[in-house]
Amino acid sequence: MKHFYHNLRDVVSFILLFSFKFSQAQWVSPFFTAPVNSSVIVTYDKGTHIEFNEEITPPFPIADISYSGTEIPSISDIQGDGTNSTLGITTQLPSPNHWQLVVTIRQDYESGIHLYWFTVKIGDVSNKVYLVIDNIHDNAPVIQSSSKTCVVKENFVGISDDCKFTLEDIDGNVSSLAVSLDAGSGNQGIFSLNTIEVSNKYSNMILIINRPLDYETQDVYIITITAECSLSEALLATSIIIILKVEDVADKPPQWIKLPTMFTMFEKTNASIEVRAIDGDLGINANISYSIFEVSDNLINHVQVGKSTGIITILEIDRDKTGISSFQITVKAYESNNSSSNIIAIITIMLQDLDDHIPIISPSLLNTTIQERRPVTLMFDSPVTVVDYDLGESGSFNIALNSSSNTSWNDAFEVVPSYGYQSLTITIVTKNYTLLDYRNENWRNITLQIIATEVANSSHVGKAILNIGLEAVNDRYPQFNQQVYKVNIFENVTKDKYVLIVAATDEDFGDTITYSINSSALKINSSSGIITVAEFDAFDYERQKFVQEVVQAIDSNGHVSYAQIIINVIDVDDTPPTLT
């Protein structure tokens, strides 16, 4: 711009060669000087050149006139880019003998008026004056865009043809402008500007995307572009706000928005689960379809899903029959028009048990035979089991024996163990075997109930019948009512004379006892136990005052018991006197 001013002065100087006149009036050289404390520049080059900045608040002096007379200086022939209606030039006398040229209208370089010339005359003396108005940085920059919104596809990096701007410096020094860009917190470094200067007044700017944009992370950016004049004493800045929209592209699979990772249902009932997914490319929002990808434990035929609804239907499963307490469903969500864009998820299904079983005892009828008075474990043709396929307390049970007889049969036996869960093999043993006495007719045939009662529901009861036959056992020895029998016998007792009776008993049912004695003096009835004298003269006091014999009792099983007989022989006067 300064070069322009210098060229203009050359033109003015050329004109002065033809128009400058000297006057013989009282006007001393130099004809004009710069006012004190002003920024006006006064030079002389074939005339007077006065140069001052635009936008000075009027009125303001532009020159002191070197004239001290009383005649009023006149101004005429105002020419140039404007007239006196735009310049308002006049002379004033602010103090005695101190004439000044004064501009009374504010000058604006951007209005296109840059140069005036006129003649100042005092008496017969005239002087050509050229006024040059200097441009200053007094206007804010201007940023323009064809649209306040631009669009960039996600994942794009590079120059955005859709985001272009024009930067203008009205004061004609666009290279002095400082341009900054703010895309908001956390977005530093994503965007920058490429600036190409077209002229002193104009530059073109285009937005550069430095990093890929992700629609799903942020789909709109508010970008503020600010241009600031660095040459101005006052802050002259302009900002423009641009809305940058990120255009979504199909680069992300669906996303789950409703997905239970675990689901509990009752066995033997149908159940439904809803899953839902949306397109991961939110701006595209493609339709989503669903399918069952896999089901564990060979249960694929029990699971189906609505292709468009995402409703998973599980058909009833018998947990007790299959032994399956949980399984997994793998469900897939995919874009309806692009099945390769998909996502899968696993849902764990917990089968909750129904209390729909009672304990089952097998076999339901048990028969066995045991010997009396023996500690035994009852034996059967097959193991005795109790089964309840329910879970928790519903699959737990207590086991006991019960008798409907007045005879306390169940006091003689017990079940081991007495508590079980789901599946158990039990054993029945004698608890008080001394009660098992065949001699008591009430104990010869025993009937008990095995009862399994569910813990959670006492109305759930399993039963089995147990028949026990009791066998007699011949294992007892005969018992004499006395271990020692004592008797007195006269020595002259005759043959077959009754001596005494011995008696023995045997607790074994139906057992018979046979008696015997190994003696030459006595004999015994084998069945009655009556002992008599075996022969005449069996006893002789003078020969043996005490006689000991042993009697035995033997039962049907050959068990032998013994008793002692002590005979006190009584003397009888049966010996005649003798002469010595």
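Student: How many helices and strands does this predicted model contain?

Tutor: The predicted model of the protein has 3 helices and 44 strands.

Student: What makes the protein more spread out than a compact globule?

Tutor: The globule rule gives 25 Å for 580 residues, whereas the radius of gyration of the protein is 69 Å. That value is well over the expected one, so the protein is more spread out than a compact globule. The spans of the C-alpha trace along the principal axes are about 235 × 65 × 35 Å.

Student: How much of the protein counts as buried, and how much area is exposed?

Tutor: Of the 580 residues, 41% count as buried. The exposed area is about 30,600 Å², and carbon and sulfur atoms supply 50% of that area.

Student: What share of the contacts joins residues that are 24 or more positions apart?

Tutor: Among contacts with a separation of 6 or more, such residues account for 67%.

Student: Where do the positive and negative charges of the protein lie on average?

Tutor: There are 34 positive and 70 negative charges, and their mean positions are 1 Å apart.

Student: Which residues does UniProt assign to the feature "domain: Cadherin"?

Tutor: The unreviewed UniProt entry places that feature at residues 144–256, 257–361, 362–480 and 481–579. In the model, residues 257–361 are 4% helix and 53% strand, with end C-alpha atoms 51 Å apart. Residues 362–480 are 0% helix and 48% strand, and the end C-alpha atoms of that span are 50 Å apart.

Student: Why is I565 called buried?

Tutor: Buried means under 20% relative accessible area. I565 has a relative accessible area of 0%, so I565 is buried. The residue is found in strand β44, which covers residues 560–570.

Student: Which residues does I565 touch, leaving out those up to four places away in sequence?

Tutor: I565 touches Y485, V487, L500, I517, I531, V547, Q548, E549 and V551. As for Q482, it is 83 residues from I565 in sequence, and the two C-alpha atoms are 9.8 Å apart in space.

Student: How do you know that L299 is buried, given its place in a loop?

Tutor: L299 lies in the loop between β22 (288–295) and β23 (303–305). The label depends on accessibility: buried means under 20%. L299 has 4% relative accessibility and therefore counts as buried. Apart from neighbours within four places in sequence, L299 is in contact with I317, I324 and F327. By contrast, T226 is 73 residues from L299 in sequence, with 66 Å between their C-alpha atoms.

Student: Why is L315 called partly exposed?

Tutor: Exposed means over 50%, buried means under 20%, and partly exposed is in between. L315 stands at 31% relative accessibility, so L315 counts as partly exposed. L315 is found in the loop between β24 (311–314) and α3 (319–322). Beyond residues up to four places away in sequence, L315 touches T269, N270, N301 and H302. V415 is 100 residues from L315 along the chain, and their C-alpha atoms are separated by 41 Å.

Student: Is G69 counted as buried or exposed, and why?

Tutor: The limit for buried is under 20%. G69 has 15% relative accessibility and therefore counts as buried. The loop between β4 and β5 (74–80) holds G69. Not counting residues up to four places away in sequence, G69 touches N97 and W99. Q26 is 43 residues from G69 in sequence, and their C-alpha atoms are 7.1 Å apart.

Student: What is the phi value of N97, and where is N97 found?

Tutor: Phi of N97 is near 55°, a positive value in a residue other than glycine. N97 is found in the loop between β6 (89–95) and β7 (98–103).

Student: Why is R373 called buried?

Tutor: The relative accessible area of R373 is 15%, so R373 is buried, since the cut-off is under 20%. R373 lies in the loop between β28 (365–371) and β29 (384–387). R373 also has a positive phi of about 55°, although it is not a glycine.

Student: Where are cis peptide bonds found?

Tutor: One cis peptide bond joins P58 and P59, with omega about -10°. P59 is in the loop between β3 (48–53) and β4 (60–65). The peptide bond from V416 to P417 is cis, with omega near -10°, and P417 lies in the loop between β31 (413–416) and β32 (419–421).

Notes
Residues numbered from 1 in each chain as written. Predicted model: local features only at pLDDT ≥ 70, side-chain atom pairs only at ≥ 80, totals over all residues. Heavy atoms only, no water. Helix = DSSP H or I, 4+ residues; strand = E, 2+ residues; numbered from the N terminus. Rg over C-alpha atoms; globule rule 2.2 N^0.38 Å. Buried < 20%, exposed > 50% of the residue type's maximum accessible area, 1.4 Å probe, protein only. Contact = heavy atoms within 4.5 Å. Areas by Shrake-Rupley, 256 points an atom, 1.4 Å probe, with all protein chains shown as cover. Lys, Arg positive; Asp, Glu negative; His and termini not counted. Charge placed at Lys NZ, Arg CZ, Asp CG, Glu CD. UniProt positions renumbered as here; feature names shortened; annotations may be inferred.
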